[in-house]
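This note is meant for a colleague who is meeting the structure for the first time. The numbered points below may be read beside the sequence and the model.

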Amino acid sequence: MPVLIALLAPLLWGSTYAVVSLYLIDYSPYWVAVWRALPAGILLLLLHPRWPPLPWGKQFLLAFCNITAFFALLFVAAFRLPGAVAGTLGATLPLILMGLAWWQDGKRPSLKWLLLGLMGLAGVLLLLNPSANLDPIGVTCALLATLLIGQSSRWMQRWPVSDLMALTAWQLLLGGLMLIPLAWWLAGPMPLPQVQAAPGLIWLILLNTALAYWAWLWGLKRHGPEMMGMLALTNPMVAVSLGVLMVGETLDGRQWLGIGVILCSLFLMKLPTRFALRDRLTRKG
């Protein structure tokens, strides 16, 4: 059950592309980002009215890195790169997390986690189609967005916070507020959503954002950044699968192989290493 809760975040985030394609394709992605973050933060605060669980400086830093800057960089990458390429670059998260742990804490990645991270990335490369002309600005923005998620994940895992609901609410509220001037500058005044967009907005606000961001924080506290980085590989897998089921896309044999490789890396992640297994058997004996 704990792993299923942690999986909610990448699984729900994987639905973003299908929901936007079906209901929100005619709206500016910057205003869609505002509509995702701000109402979700307000809703969580109404359900759980609390002051920020972190000092204001840390709370603003998390909101800016995890919501405002991440969404801005992500949308720049989406405009300058094919979606498959951006998704492939985002799959570097497990390796980025290992690199940050090594650089900041001197914690060298174990061979198991390094091989699984590379295996998962190979699965995403098979699943997606990165064969396109790579725009250097788009590549830089996609990698910076992934780096921000990695660094924010390490902060959230290390800083002592017991009220994850309040942490989620204030991140979304502050991040959404900081997105408004950016969206206004890049896309003009906010348009009014039409009735046809309501199902997509309800899904994005309630499940894709409010529930998913809480589940991500819960998973970071329970399992740590390394495992959550591996679980995040399910994001592009769900995105492509929903594209087949809901948007009418098709998968070839190479992409089905990529799904199999990702699932295999996640299965191997739960297996104990040889040394850990030996120690466990020794204690039982």
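1. Met98 is buried, since its relative accessible area is 6% and the cut-off for that class is under 20%. The residue belongs to helix α6, which covers residues 93-105. Its C-alpha atom lies 9.1 Å from that of Gly117, although 19 residues separate the two along the chain. Please note that the model under discussion is a predicted one.

2. The overall fold may be described next. The protein chain contains 14 helices and zero strands. Its pattern along the sequence is accordingly written α-α-α-α-α-α-α-α-α-α-α-α-α-α. Of the 285 residues in the protein chain, 49% are buried.

3. Contacts across the sequence deserve a separate remark. Among contacts in the protein chain with a separation of 6 or more, 90% join residues that are 24 or more positions apart. Two of the residues treated below, Phe71 and Met190, illustrate wide spacing along the chain: Phe71 is 105 residues from Gly176, and Met190 is 158 residues from Val32.

4. Phe71 sits in helix α4, residues 56-80. With a relative accessible area of 2%, Phe71 is classed as buried. Beyond residues up to four places away in sequence, Phe71 touches Ala33, Arg36, Ala37, Leu179 and Tyr213. The C-alpha atoms of Phe71 and Gly176 are separated by 9.9 Å.

5. Helix α9 spans residues 164-187 and includes Thr168. Is Thr168 buried or exposed? Its relative accessibility is 2%, so Thr168 counts as buried. When neighbours within four places in sequence are left aside, Thr168 is in contact with Leu44, Ala210, Tyr213, Trp214 and Leu217.

6. Gln171 is also placed in helix α9. This residue is buried, and its relative accessible area is 2%. Which residues does Gln171 touch, not counting those up to four places away in sequence? They are Gln59, Leu62, Ala63, Asn66, Ile67, Met156 and Leu217. Leu217 thus appears in the contacts of Thr168 and in those of Gln171.

7. Tyr213 connects several of these points. Tyr213 is touched by Phe71 and is in contact with Thr168. In addition, Tyr213 forms one aromatic cluster with Trp13 and Trp216.

8. The structure holds eight aromatic pairs. One of them joins Tyr27 and Trp35, whose ring centres are 5.5 Å apart and whose planes meet at 75°, so the pair is edge-to-face; an angle over 60 degrees is what that class requires. Both partners are buried: Tyr27 has a relative accessibility of 15%, and Trp35 has one of 8%.

9. Trp35 is likewise among the contacts of Met190, together with Trp31 and Trp184, once neighbours within four places in sequence are set aside. Met190 is found in the loop between α9 and α10, the latter being residues 198-223. How exposed is Met190, and what is its relative accessible area? Met190 is partly exposed, with a value of 41%, which lies between the limits of 20% and 50%. The C-alpha atoms of Met190 and Val32 are separated by 9.8 Å.

10. Helix α2, residues 16-24, has Thr16, Ala18, Val19 and Leu24 as buried residues. Why are the buried residues of α2 said to line one face of the helix? Viewed down the axis of α2, they fall within an arc of 160°, and they therefore line one face.

11. The surface completes the description. The protein chain has an accessible surface of about 14000 Å², and carbon and sulfur atoms account for 71% of that area. On the surface, Leu111, Leu114, Leu115 and Leu118 form a nonpolar patch, with about 370 Å² of accessible area together. Leu111, one member of the patch, is located in helix α7, residues 111-127. Because its relative accessibility is 60%, Leu111 counts as exposed.

Definitions and conventions:
Residues are numbered from 1 along each chain as its sequence is written. This is a predicted model: local features need pLDDT of at least 70, side-chain atom pairs count only at pLDDT 80 or more; totals for chains, interfaces and linings use all residues. Side-chain values use heavy atoms; hydrogens and water are left out. Helices (H or I, at least four residues) and strands (E, at least two) are DSSP runs, numbered from the N terminus. Buried means under 20% relative accessible area, exposed over 50%, partly exposed in between (1.4 Å probe, protein chains only). Contact means heavy atoms within 4.5 Å. Rings of Phe, Tyr and Trp (its six-membered ring) pair if their centres lie within 6.5 Å; planes under 30 degrees apart count as stacked, over 60 as edge-to-face and the rest as tilted. Accessible areas come from the Shrake-Rupley method with a 1.4 Å probe; for residues, only the protein chains shown count as cover. Patches are made of residues with over 30% relative accessible area and no salt bridge: like charges are joined within 9 Å, nonpolar side chains (Val, Leu, Ile, Met, Phe, Trp, Tyr) within 5 Å. A salt bridge is a side-chain nitrogen of Lys or Arg within 4 Å of a carboxyl oxygen of Asp or Glu. The arc is that of the directions from the helix axis to the C-beta atoms.
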